[in-house]
Amino acid sequence: MLLKRLARLLFLAVFGSLLLASACTAQSSDPAPYVEGTDYVTLPAPHQRYGSEGKVELVEVFSYGCIHCAQFAPDAEKLRKELPAGVEFKLLPAPFNQQWVPFARAYYAAKQLGVVDRTHLQLFVAKFSEHYPINSMDELADFYAREGVNRADFMRAAMAPETTEKMKRDLDLLRTWQVDGTPTLVIDGKYRVATVQSHEHMLAVALWLAKRELAGK
């Protein structure tokens, strides 16, 4: 009787282990919704983040001179508001050419003056929807003055040596990230996502990667 009971318990233990192993195997074999090399690129180590904060970074590389960024901006803003608490959305202006340098300076100045939240989308609207001539530093200063920013303060911040140094450091980082176009999203300095199918697809991939990074912390 005792031997039969022990045998039964052993059978149940083995059977339970097999069920657990099968469940784990099934879970681990579920395919990822996005494919490395197709939907996103894993950047080579060592990975370099934009900032030193502990939150997962989702960085949009953009330019106010880029019409694709203008089209992307409202969706990016929507994503920013929907991110989990442990993920932080950041903007990084790309000074890829001399035409885009004033736009990068404008962003740095707006950030320093604390007006990015109320001017970021509006600058795209003014340039690409309302067709204001906004290209030079003077024209950008006029735009920010219309938005209630002190013109002299804006020009001082935009042309400061600290802004020039910041622009150089960010350009070096963009080279490390191998970014060659805008808009581009970079997650925690590890993954790069560009527009492959659509902006919606790009945002979905970036959000999935950010959540995966957050789960791994």
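His120 sits in helix α4, which spans residues 116–129, and in this predicted model its relative accessible area is 9%. Since the cut-off for buried is under 20%, His120 counts as buried. The notes below start from this residue, then turn to two helix stories and end with the chain as a whole.

**Around His120**

- The side chain of His120 makes a polar contact with the side chain of Tyr64, at 2.8 Å.
- Tyr64 also appears among the contacts of His120 once neighbours within four places in sequence are left aside, together with Phe62 and Leu91.

**Where α3 meets α5**

- Helix α3 covers residues 101–113 and helix α5 covers residues 137–146.
- How do these two helices pack? Their angle is about 35 degrees, and their axes lie 10 Å apart.
- The crossing of α3 past α5 is right-handed.
- On the α3 side, the residues that take part are Pro102, Phe103, Arg105, Ala106 and Ala110; on the α5 side, they are Met137, Leu140 and Tyr144.
- Sorted by class, this contact has seven nonpolar residues, one charged residue and no polar ones.

**Helix α6 and its buried side**

- Which residues of α6 (residues 151–158) are buried? They are Phe154, Ala157 and Ala158.
- These three lie on the same side of α6, because they cover an arc of only 95 degrees around the axis.
- It helps to recall that an α-helix has 3.6 residues a turn, so residues three or four places apart point the same way.
- What do the buried residues of α6 pack against? Their partners are α3, α5 and α7, the last of these being residues 161–176.
- Both helices of the pair described above, α3 and α5, are thus among the elements that the buried residues of α6 pack against.
- At the start of α6, Asn150 is worth a look: one of its side-chain oxygens reaches to within 3.0 Å of the backbone nitrogen of Ala152.

**The chain as a whole**

- The chain holds eight helices and five strands.
- Read from the N terminus on, its elements follow the order α-β-β-α-β-α-α-α-α-α-β-β-α.
- The chain has 217 residues, and 41% of them count as buried; His120 is one of the buried residues.
- Taking contacts between residues at least 6 apart in sequence, 71% join residues at least 24 apart.

Note on methods: Residues are numbered from 1 along each chain as its sequence is written. This is a predicted model: local features need pLDDT of at least 70, side-chain atom pairs count only at pLDDT 80 or more; totals for chains, interfaces and linings use all residues. Side-chain values use heavy atoms; hydrogens and water are left out. Axes are lines fitted to C-alpha atoms, for helices over the stretch in contact, and angles run from 0 to 180 degrees between N-to-C directions. Helices (H or I, at least four residues) and strands (E, at least two) are DSSP runs, numbered from the N terminus. A crossing is left-handed if the near helix is turned anticlockwise from the far one by less than a right angle, and right-handed if clockwise. Contact means heavy atoms within 4.5 Å. Ala, Val, Leu, Ile, Met, Phe, Trp, Tyr, Cys and Pro count as nonpolar, Asp, Glu, Lys and Arg as charged, and the others, Gly among them, as polar. Buried means under 20% relative accessible area, exposed over 50%, partly exposed in between (1.4 Å probe, protein chains only). The arc is that of the directions from the helix axis to the C-beta atoms. A polar contact is a pair of N or O atoms within 3.5 Å; within protein, one must be able to donate a hydrogen and the other to accept it, and residues adjacent in sequence count only if both atoms are side-chain atoms.
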